[in-house]
Amino acid sequence: MSKSITHFIIAIVPLIAGICAANVSNAQPMTGDVAYCQALAKKYSEYVGLGANAESRRGPSDVNAGVAIAECRGGNPEPAIPVLEQKLRDSRIDLPARQ
């Protein structure tokens with residue numbers, strides 16, 4: 001192996017280790033947010049409604065809630081959580097427990 005390849009490997013290993021460590025440390029809080037977001041989405045869908053028959057039950061479907069639920073399902077809870085929390089509060093529905 002040439003010296004340049006050896007130096008490259010020596011330089012890149014700590015970077016890869018750092019990236020892996022950062023991803024592991026960020027994964028746990030994100031998992032909690034994703035689970036909470038999914039619980040909000042489930043509760044919204046059950047009690048407030050989305051979809052074809054939601055209009056007959058509780059008025060027209062809410063586009064913002066639909067986008068928030070899609071964000072939850074896509075693993076992006078940050079923008080979705082406040083929207084769904086507010087929608088549930090506005091409907092006087094208790095929020096699920098946050099773990």
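Select K87 in this predicted model. Leaving out residues up to four places away in sequence, K87 touches Y44, D62, N64 and A65. Display the side chains of K87 and D62 together: a polar contact of 2.7 Å joins them. K87 itself lies in helix 4, and that helix is the next selection.

**Helix 4**

Select residues 77-90, the 14 residues of helix 4. Place a distance monitor between the C-alpha atoms at its two ends, which are 20 Å apart. This agrees with expectation, because a rise of 1.5 Å a residue gives a span of 20 Å for a helix of 14 residues.

Now colour helix 4 by burial. The buried residues are P77, A80, I81, L84, E85, K87 and L88. These residues lie on the same side of helix 4, because they cover an arc of only 165° around the axis. An α-helix has 3.6 residues a turn, so residues three or four places apart point the same way. Turn the view to the other side of helix 4, where E78 and D90 are exposed.

**L84**

Return to the buried side and select L84, a residue of helix 4. Is L84 buried or exposed? Its relative accessible area is 0%, and the cut-off for burial is under 20%, so L84 counts as buried.

Which residues is L84 in contact with, leaving aside its neighbours within four places in sequence? The list comprises C37, L40, A41, Y44, A65, A68, I69 and C72. Show these residues as sticks around L84. Then add A39 to the selection: its C-alpha atom is separated from that of L84 by 9.9 Å, although the two residues are 45 residues apart along the chain.

**The disulfide**

Two of the residues in contact with L84, namely C37 and C72, form the next stop. A disulfide joins C37 to C72, with an S to S distance of 1.6 Å. The link connects distant parts of the chain: C37 belongs to helix 1 (residues 3-47) and C72 to helix 3 (residues 63-73), with their positions 35 residues apart. Set a dihedral monitor about the S-S bond; the value is -60°, and the link is left-handed. Both C37 and C72 are buried. The structure holds 1 disulfide.

**R92**

Move along the chain to the segment after helix 4 and select R92. Where phi is concerned, R92 has a positive value near 60° in a residue other than glycine. Is R92 buried or exposed? The cut-off for exposure is over 50%, so R92, at 79% relative accessibility, counts as exposed.

**The whole protein**

Finally, clear the selections and display the entire chain. How many helices and strands does the protein have? There are 4 helices and 0 strands, and along the sequence they follow the pattern α-α-α-α. Colour the protein by accessibility: buried residues make up 22% of its 99 residues. With a surface displayed, the exposed area is about 6,900 Å², of which carbon and sulfur atoms supply 58%. A contact map offers one further view: among contacts with a separation of 6 or more, 55% involve residues 24 or more positions apart.

Terms used. Residues numbered from 1 in each chain as written. Predicted model: local features only at pLDDT ≥ 70, side-chain atom pairs only at ≥ 80, totals over all residues. Heavy atoms only, no water. Expected span 1.5 Å × (residues − 1). Buried < 20%, exposed > 50% of the residue type's maximum accessible area, 1.4 Å probe, protein only. Arc of directions from axis to C-beta. Contact = heavy atoms within 4.5 Å. Areas by Shrake-Rupley, 256 points an atom, 1.4 Å probe, with all protein chains shown as cover. Disulfide = S-S within 2.5 Å. Polar contact = N/O pair within 3.5 Å; in protein donor to acceptor, adjacent residues only side chain to side chain.
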